[in-house]
Each structure stands twice: as structure tokens, then as C-alpha cells.
Amino acid sequence: MAQKDIIFMKENPISRFLLNDTRSGWLWLVIRLYVGYVWLKAGWGKIHNDAWVGENGGAAVAGFVQGAIAKSLETNDVTGWYAAFLENIVLPNAKVFAFVVAYGEILVGLGLILGLLTGIAAFFGSMMNVSFLFAGTISTNPILFILATWLVLAWKVAGWYGLDRWALPKLGTPWSKLDYDE
């Protein structure tokens, strides 16, 4: 494609403000703190629960997975391919998955609360939400998934009032002032 064939579309003012303007950082801070608190609280409860990471580690995951497998046989809430994944991969490794979920929730919560690698933390949080949804669990997962998806989209400014403001430039993702009138 020749250089003259490239067309650059101006971003609309609303998405430019929400996803690229540091002035929207306050909005993302509120969303980040809420979602981060929910994840941190959930993970904290799990790491202090014997059925997750203690002597009986994995029992909670095994029970959850068995319930999801039962749902797949009774309703359409859990699809067959996901039930097969749960039965053949997760269930035999319930202790490992329990550890990953419990500490993953802690890490996602801390990342969002501190505003450190916000987009990555939100992405992994949304992946856990989707996993829980695939397993037939509704709860707060839909709203957390939506909020996490927005945080992923707004990664450049969602951590502005957090550690990303200093960490991202050191990782090669610097912010710079842009003149949108060019």
C-alpha cells in the first residue's frame, strides 16, 4: 500500500477523552479501586480458606467444577466443551488451579488498586470473570467483566493516578503531549 493510500481517521472526542486524555484518570481511578477491591477481597478470603490453599487445598475448586459439570448435563448454562475442559484439565489439577485463582485474584486486585500494569491486571481479571461465566456462575461476573474490559481499553490513562504514571514510561510506553489539531 502506497503512503498516499493511508487514511488516518480522527478519533471522536468522547473516546479520545475517555481512552487517551489523562483528565479522565479520575473516572478510571474510581472504577479501578472498586474492581480492585472486589478482587482483593475475594482473593484474601480464598488464601485464608483451607479449602483453597490450605491442607485441603483444591477442595473448593473441585466442588465448584463438579457443580459446573452437573449443570452442563442438566441445563445449557455450561457448554459441553467447557465442561470437558473442567473435567479433564481443571478437576485433576484442582489444587494448582485453586492456588492460581486465589493468588491471581490478589494480584489483580493489587494491580488495579495500585494502578500498576492496570491494563494487564484488568485483562487477567476479565479472563477469570469469563471463566466463571463459562462455568455457569453469574454473580457479579458480568459487571466486573464489563468494567475490566473498559479498563483494558483505557489502559493508557486508567493508571494515571497510580503507579503506571511512573512505571509505563520506564517500560517503554511513555506519555507525551499531543496536539490533536494537527
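This section describes the helix packing and the largest pocket of a predicted model.

The chain is built from 10 helices and 0 strands. Read from the N terminus, its elements follow the order α-α-α-α-α-α-α-α-α-α. Along the principal axes, the C-alpha atoms occupy a box of roughly 60 × 35 × 25 Å. Three helix pairs are treated in turn below, followed by the pocket.

For α2 and α6, the axes lie 7 Å apart and the packing angle is about 150°. Angles over 145 degrees count as roughly antiparallel, and α2 and α6 are therefore roughly antiparallel to each other. Their crossing is left-handed. On the α2 side, the contact is made by Arg32, Leu33, Val35, Gly36, Tyr37, Trp39, Leu40, Ala42, Gly43, Trp44, Lys46 and Ile47. On the α6 side, the participants are Val101, Ala102, Tyr103, Glu105, Ile106, Val108, Gly109, Leu110, Leu112, Ile113 and Leu114. By class, the residues of this contact comprise 17 nonpolar, 3 polar and 3 charged.

Helix α6 (residues 94-114) also packs against helix α7 (residues 118-134), where the axes come within 8 Å and cross at roughly 140°. This angle makes α6 oblique to α7. The crossing of α6 and α7 is left-handed. In α6, the residues that meet α7 are Val101, Gly104, Glu105, Val108, Gly111 and Leu112. Their partners in α7 are Thr118, Ala121, Ala122, Phe124, Gly125, Met128 and Phe132. The contact of α6 with α7 is composed of 8 nonpolar, 4 polar and 1 charged residues. Val101, Glu105, Val108 and Leu112 of α6 take part in the contact with α7 and are also among the residues of α6 that contact α2.

Helix α2 packs in addition against α8, at an angle of about 135° and with the axes 10 Å apart. The two helices are therefore oblique to each other. The crossing of α2 with α8 is left-handed. Trp28, Ile31, Arg32, Tyr34, Val35 and Val38 of α2 are in contact with Leu144, Leu147, Trp150 and Leu151 of α8. This contact contains 9 nonpolar, no polar and 1 charged residues. Arg32 and Val35 of α2 appear in the contact with α8 and are likewise listed in the contact with α6.

The largest pocket has a volume of about 810 Å³. Its lining consists of 38 residues, of which Trp39, Val101, Glu105, Met128 and Phe132 are the closest to the pocket centre. Two or more lining residues are given by each of α2 (25-47), α4 (59-74), α5 (80-90), α6, α7 and α8 (141-153). Helix α6 supplies the largest share of the lining, with 10 residues. By class, the lining divides into 28 nonpolar, 8 polar and 2 charged residues.

The residues closest to the pocket centre can be related to the helix contacts. Val101 and Glu105 are among these residues, and both belong to the part of α6 that meets α7. Met128 and Phe132, also among the residues closest to the centre, lie on the α7 side of that contact. Trp39, a further member of this central group, is one of the α2 residues in contact with α6.

Definitions and conventions: Residues numbered from 1 in each chain as written. Predicted model: local features only at pLDDT ≥ 70, side-chain atom pairs only at ≥ 80, totals over all residues. Heavy atoms only, no water. Axes fitted to C-alpha atoms, helices over the stretch in contact; angles between N-to-C directions. Helix = DSSP H or I, 4+ residues; strand = E, 2+ residues; numbered from the N terminus. Parallel < 35°, antiparallel > 145°, perpendicular 65-115°, else oblique. Left-handed = near helix turned anticlockwise from the far one by under 90°. Contact = heavy atoms within 4.5 Å. Nonpolar A, V, L, I, M, F, W, Y, C, P; charged D, E, K, R; others polar. 1 Å grid on protein atoms, 1.4 Å probe; cavity = no way out; pocket = protein on both sides within 12 Å on 5 of 7 lines; lining within 4 Å. Points joined across faces, edges and corners; volume = space filled by probe spheres on them.
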